[in-house]
Amino acid sequence: MLVLLVVVIVVAFGCGALTMLAVAGYLRWTGQGWAALGWDRRRAPRELAVGMLAYLLPASLAITALVAFGPASIDVVGDPVAIVGQLLFLAVLVAAFEAVPEEFLVRGWVFGALAQRWRTGIAILGQAAFFCLWGLAIG
């Protein structure tokens with residue numbers, strides 16, 4: 001079990017690191033800085049919090065509705081402290097493996113490249129199509 005945990009951690013952070021390196025390489029190759037992706041260190045914490053709430057609110061409502069109306073159930077079995085620790089660890093893995101690489105790749109790199117060539121609406125549709133295809137490709 002420990003080996004699997006180590007593999008998951010290495011893969012998660014490896015994917016994030018590779019994505020960041022790819023984006024950094026592209027920015028360097030084109031002579032741009034992180035600001036070209038809209039990266040502003042002063043606004044980043046607030047934007048992160050807004051993004052997290054934009055996910056957590058509808059997800060929480062959906063889970064509550066599914067449990068309340070019967071199609072799903074959640075049974076908590078085990079030590080509550082261990083469960084909270086596991087949920088926090090899962091949140092870190094999801095951020096490292098999915099959210100951060102996705103934001104930089106799709107909303108940063110792809111959207112930025114498309115927005116330089118086409119109007120904002122077309123760029124949004126293009127990055128959304130790329131996001132869907134990317135999701136299908138990686139499962």
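**Figure 1. Surroundings of Gln127 in the predicted model.** In this predicted model, Gln127 touches Val106, Arg107, Val110, Phe111 and Leu114, leaving aside residues up to four places away in sequence. Gln127 belongs to helix α4, which spans residues 120-138. With a relative accessible area of 10%, Gln127 is buried, because the cut-off for this class is under 20%.

**Figure 2. Ala129 and its separation from Val106.** Ala129 is also a residue of helix α4. Its relative accessible area of 40% makes Ala129 partly exposed, since that class lies between the limits of 20% and 50%. The C-alpha atoms of Ala129 and Val106 are 10.0 Å apart in space, and 23 residues separate the two in sequence. Val106 also appears in Figure 1, among the residues that Gln127 touches.

**Figure 3. The largest nonpolar core.** Five residues make up this core: Val23, Tyr26, Leu27, Phe104 and Ala113. Two elements, α1 (2-30) and α3 (80-117), each give two or more residues to the core. The largest share, three residues, comes from α1. In soluble globular proteins, nonpolar side chains tend to be buried together. Helix α1 is also where confidence is lowest in the protein, with a mean pLDDT of 69. Where pLDDT is low, the predicted coordinates should not be read in detail.

**Figure 4. A nonpolar patch on the surface.** The patch is formed by Ile63, Val67, Ile74 and Val76. Together these four residues have about 380 Å² of accessible area. One of them, Ile63, is placed in helix α2, which covers residues 44-68. Ile63 counts as partly exposed because its relative accessibility is 45%; residues enter a patch at over 30% relative accessible area, so Ile63 meets that requirement.

**Figure 5. The helices and the chain as a whole.** The protein has four helices and zero strands, arranged along the sequence in the pattern α-α-α-α. Of its 139 residues, 15% count as buried. The protein exposes about 10,600 Å², of which carbon and sulfur atoms supply 74%. Among contacts between residues at least 6 apart in sequence, 57% join residues at least 24 apart.

**Figure 6. Confidence of the prediction.** The average pLDDT of the protein is 77, and 83% of the residues score at least 70. Confidence is highest in α4, at a mean of 83; this helix contains Gln127 and Ala129, the subjects of Figures 1 and 2. The lowest mean, 69, belongs to α1, the helix that supplies three residues to the core in Figure 3.

Definitions and conventions
Residues are numbered from 1 along each chain as its sequence is written. This is a predicted model: local features need pLDDT of at least 70, side-chain atom pairs count only at pLDDT 80 or more; totals for chains, interfaces and linings use all residues. Side-chain values use heavy atoms; hydrogens and water are left out. Patches are made of residues with over 30% relative accessible area and no salt bridge: like charges are joined within 9 Å, nonpolar side chains (Val, Leu, Ile, Met, Phe, Trp, Tyr) within 5 Å. Accessible areas come from the Shrake-Rupley method with a 1.4 Å probe; for residues, only the protein chains shown count as cover. A salt bridge is a side-chain nitrogen of Lys or Arg within 4 Å of a carboxyl oxygen of Asp or Glu. Buried means under 20% relative accessible area, exposed over 50%, partly exposed in between (1.4 Å probe, protein chains only). Contact means heavy atoms within 4.5 Å. A nonpolar core is a set of buried Ala, Val, Leu, Ile, Met, Phe, Trp, Tyr and Cys residues joined through side-chain atoms within 4.5 Å. pLDDT is the predictor's confidence in each residue, from 0 to 100.
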